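Trainee: I would like a close look at one part of this protein. Please take a single strand and describe its surroundings.

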Amino acid sequence: ETQKETLGFQTEVKQLLNLMIHSLYSNKEIFLRELISNASDAAEKLRFKALSNGALYENDGDLKVTVSFDPEAKTVTIEDNGVGMSRDDVVEHLGTIAKSGTASFLGQLTGDQAQDNQLIGQFGVGFYSAFIVAEKVDVFSRAAGAPVSEGVHWSSAGEGEFSIATIDKETRGTQIVLHLKEGEEEFADGSRLRTLVRKYSDHIAMPVMMLKEAPLGMEEESEEPVEGEEAKAAKEPKEVAAPELETVNSATALWTLNKSDISEEEYSEFYKHISHDFGNPLTVGHNRVEGNLEYTSLLYVPETAPYDLWNRDAPRGLKLYIQRVFVMDQADQFLPLYLRFIKGVVDSNNLSLNVSREILQKDPNVDKLRTALTKRVLDMLTKLAKNEPEKYVTFWKSFGSVMKEGPAEDYTNREKIMKLLRFASTHTDSSEPTTSLDDYIGRMKEGQTKIYYVVAENYNTAKNSPHLEIFRKKGIEVLLMTERVDEWMMSHLFDYDGKSLQNVTKGELELGETETEEDKKAQEEAAKEAEGLVERLKERLKEKVSDVRVTHRLTESPACLVLNAYDMGAQMRQIMEAAGQ
Ligand code: ADP
Ligand code: MG
């Protein structure tokens with residue numbers, strides 16, 4: 001080893017390592033999934049790079065992941081012949097956390113075990129999960145195409161620092177050796193490892209290989225071979241002498257299988273492989289389309305929102321495969337921003353393998369795929385809402401506020417998105433967002449022509465708004481909107497299903513034919529009676545309000561403030577003021 005140096009982990013890594021070791025302990029076997037997942041990614045990355053530079057294969061195009069173990073030395077080794085890493089890559093990837101917003105994520109941790117477990121799970125800890133079971137980790141790597149002398153050896157006990165040195169490494173790719181902690185020796189066991197590979201990594205694209213296990217009874221038999229067999233063994237020495245590798249997993253990319261051959265568990269495990277989420281997905285959509293536009297998509301809706309859902313630079317997008325070759329992660333051209341929480345894979349035959357992000361931006365097939373995939377996701381959500389309304393509420397609580405960006409961003413799908421919106425309502429007496437516009441329409445009063453809503457800071461303010469008094473009296477339902485994005489969204493929406501959307505705090509209220517002749521007569525009389533009072537109020541308040549009117553929208557409160565029909569709402573005004581406008 002030469003040029004050996006010891007470096008400190010980035011502060012965030014130290015904090016995370018500590019937390020992770022404790023909070024993920026009950027889930028410790030996932031380390032294998034994470035390391036195999038990285039190894040498989042590295043092999044897939046090489047396959048793509050080698051399309052334009054075949055020399056990177058160094059005469060070994062047989063891409064695979066190998067898992068081995070040594071019960072005496074108490075080690076488990078995960079090896080791949082993928083892209084590998086240079087010294088700089090290793091320092092960057094295995095010494096820091098590149099994910100944006102890590103510090104603020106760590107700030108959210110509470111010390112409450114169950115809650116933190118959830119958060120860390122969502123964060124996705126990847127490589128560092130090795131330290132849940134290992135007291136020391138050695139990484140040997142060499143980038144494909146780099147000289148043998150440019151290998152790297154990284155080593156750490158996961159306690160604040162790591163050493164790094166330059167070594168000779170004959171084979172390209174990465175070998176990770178876990179020195180198991182006392183008490184974790186159970187993992188240095190063939191059948192345990194096989195079970196875990198099949199459980200967590202069955203349908204990744206790369207074969208995961210392990211040494212063939214000697215069949216039971218073989219040793220005794222070979223001790224005293226009968227003559228004929230001895231001669232046969234001498235002719236075929238390999239079968240006895242050289243231990244053989246066998247593929248342990250199915251090694252067929254999940255999305256290439258038929259839906260009917262895939263179990264729910266398999267869909268879930270594959271989700272964890274691509275999403276770094278520890279939880280199960282809420283729902284999955286898997287489609288193969290043939291014809292002019294040929295693609296397979298495997299799309300997942302997560303159950304919980306990631307900690308960085310509102311971070312503009314947070315990674316998003318799908319894993320892109322072209323003709324089954326992995327091309328890139330986080331391809332964000334295939335879905336609009338308001339569907340950024342969707343995880344999954346798109347595999348297309350219509351794109352050229354010769355792509356880059358820049359080329360993708362110009363390819364008209366990308367637009368077609370985006371249109372098709374957007375429709376897929378909206379259909380998937382529509383189906384979820386229809387068939388599993390409870391799950392849909394879970395979805396809505398996690399991602400509803402993102403979906404509300406949809407009507408403005410995606411004009412073509414506006415109706416479809418609006419069908420998916422959910423609100424709290426005066427009908428349910430609960431702050432749960434369970435009412436759809438269709439539900440509302442189904443309950444509209446005879447003669448009612450509009451959909452009424454109120455926007456307020458929070459549920460209680462909305463529910464107790466004096467503007468609702470007249471509606472309550474008349475038994476007309478009002479949608480209660482309390483999210484920051486609501487007013488902005490509603491400023492883009494004017495009607496739904498032929499009914500206009502009316503903010504009850506704006507302009508003249510016109511309750512349509514729900515008003516009887518008697519109501520109208522009573523209102524006129526009241527207005528006449530109050531003329532003098534109105535004049536006096538106008539005079540007193542002329543600096544503060546633009547008009548004073550007699551209203552029939554109140555039944556208990558004596559007065560309320562109303563916005564002109566085209567005024568900015570109170571919430572929008574606050575947002576604009578906060579932005580310094
Ligand atoms: P993630 O997989 O989400 O990027 P990880 O912590 O699992 O996060 O891995 C961090 C990075 O380290 C990877 O993105 C990759 O660049 C690098 N890496 C890890 N394992 C390997 C490997 N076996 N071969 C090449 N690069 C690897
Ligand atoms: Mg990883």
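Mentor: What follows is a look at strand β12 and its partners. The model is predicted, so local features need pLDDT of at least 70, side-chain atom pairs count only at pLDDT 80 or more, and totals for chains, interfaces and linings use all residues. Residues are numbered from 1 along each chain as its sequence is written, while chains are lettered from A and ligands numbered from 1 in the order in which they are written.

The protein chain has 21 helices and 20 strands; helices (H or I, at least four residues) and strands (E, at least two) are DSSP runs, numbered from the N terminus. Of its 581 residues, 33% count as buried. A residue is buried if 20 or more other C-beta atoms lie within 10 Å of its own, exposed if 12 or fewer, and partly exposed in between, with C-beta atoms placed from the backbone.

Strand β12 covers residues 318-322, and 5 of its 5 residues are buried. Two strands pair if DSSP finds at least two bridges between them. β12 pairs with β13 (residues 325-331) in the antiparallel sense, over 4 bridges. In that pairing, L320 stands opposite M328 of β13. The two strands form a hairpin with 2 residues between them. Q323 lies in the turn and has a positive phi of about 45°.

β12 also pairs with β14 (residues 343-348), here in the parallel sense and over 4 bridges. The bridge partner of L320 in β14 is V346. L320 is thus a useful residue to follow on the display: it stands opposite M328 in β13, and V346 is its bridge partner in β14.
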